[in-house]
Amino acid sequence: MAVNAVFFDVGETLVDEERWWRELCERAGLQPHVVWAALGVTIERGEEHEALWRHLGYTRPDGWWSDISYGLADLYPDAIACLEEMRALGLRVGVVGNQTEALERWARESALPADVISSSASLGFRKPDPRFFAEIMRLSEATEPSEVAYVGDRVDNDVLPALAAGLRAVHVRRGPWGRLQKAPDSVPTVDSLAELPRALASLG
């Protein structure tokens, strides 16, 4: 069955989070390479972001997740063009990730070319919760889960739970999770969103 809707994760799929992490390091008074080393341990152990503070023996900074926002300059160069191309192909396009209300508001105010913009904060469920992907299905307005593709960098949070929900999945190989986690061979993997039309075509 052909894909009729494509939904995107945000961090390290549409947005390059390097500046975000550098600002976080500055606020915490830690060198970036120290924090990134702890992030690598976190990924290897299958933990979420906040676990890195424990590995560093450091008190988690207040507001570390919500106080630092994105800017349009943080979007990957291929992000807007890809969203526009997906819509030009007649697909319903969504931008929905594990984001705060502030970051969802940023996406709306930035007028990203998408039919749906939401977040885990609005939906009330965070990936990899199956209920998050049930909400994706609802927002997609598709008849069958196989008509919907979810595009993300994380295999554990994006690819595998999307597949478990019956959706299609595309793995974006960039950012720390995208580079360190390997998707199943059956899942199309891209290094750039410019490759997404080819990847979707391979899904049939």
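This is a short walk through the structure, one selection at a time.

**Before you click**

You're looking at a predicted model, where local features need pLDDT of at least 70, side-chain atom pairs count only at pLDDT 80 or more, and totals for chains, interfaces and linings use all residues. Residues are numbered from 1 along each chain as its sequence is written, and side-chain values use heavy atoms, with hydrogens and water left out.

**Stop 1: the whole chain**

Select the protein chain and show it as a cartoon. Its secondary structure comes to ten helices and six strands. Here helices (H or I, at least four residues) and strands (E, at least two) are DSSP runs, numbered from the N terminus. The C-alpha atoms fill a box of roughly 50 × 35 × 30 Å along the principal axes.

Is there a rule to hold this against? For 204 residues, a compact globule would have a radius of gyration near 17 Å, and the chain's 16 Å agrees with that. The radius is taken over C-alpha atoms, and the rule is 2.2 Å times the number of residues to the power 0.38.

Now colour by burial: 53% of the 204 residues count as buried. Buried means under 20% relative accessible area, exposed means over 50%, and partly exposed is in between (1.4 Å probe, protein chains only).

**Stop 2: the largest core**

Next, select Val6, Phe8, Leu14, Met86 and Leu196. Of the 44 residues in the largest nonpolar core, these touch the most other members. A nonpolar core is a set of buried Ala, Val, Leu, Ile, Met, Phe, Trp, Tyr and Cys residues joined through side-chain atoms within 4.5 Å. Add helix H1 (residues 18-28), which gives the most to this core, with five residues.

Zoom in on methionine 86. Which residues is methionine 86 in contact with, leaving aside neighbours within four places in sequence? The list is Val6, Phe8, Leu91, Val93, Leu196, Pro197 and Leu200. Contact means heavy atoms within 4.5 Å.

**Stop 3: helix H7 and its cover**

Select residues 130-140, which form helix H7. Its buried residues are Phe132, Phe133, Glu135, Ile136, Met137, Leu139 and Ser140. Turn on the elements that cover them, including strand S1 (5-8), strand S2 (92-97), strand S4 (148-152) and helix H8 (155-164).

Step along to glutamate 141, just after H7. Glutamate 141 sits in the loop between H7 and S4. Its phi is positive, about 60°, although it is not a glycine. Glutamate 141 is exposed, with a relative accessible area of 62%.

**Stop 4: three loops**

Start with the loop between H6 and H7, where you'll find proline 128. A cis peptide bond joins lysine 127 and proline 128, with omega about 10°.

Now jump to alanine 111, in the loop between helix H5 (101-109) and S3. Here is another positive phi in a residue other than glycine, near 55°. Is alanine 111 buried or exposed? Alanine 111 is exposed, with a relative accessible area of 58%.

Finish at glycine 166, in the loop between H8 and strand S5 (168-172). Glycine 166 is partly exposed, at 33% relative accessible area. Show Pro145 and Ser146 as well: glycine 166 touches both, not counting residues up to four places away in sequence. Draw a distance line between the C-alpha atoms of glycine 166 and serine 146: they are separated by 6.0 Å, although the residues are 20 apart along the chain.
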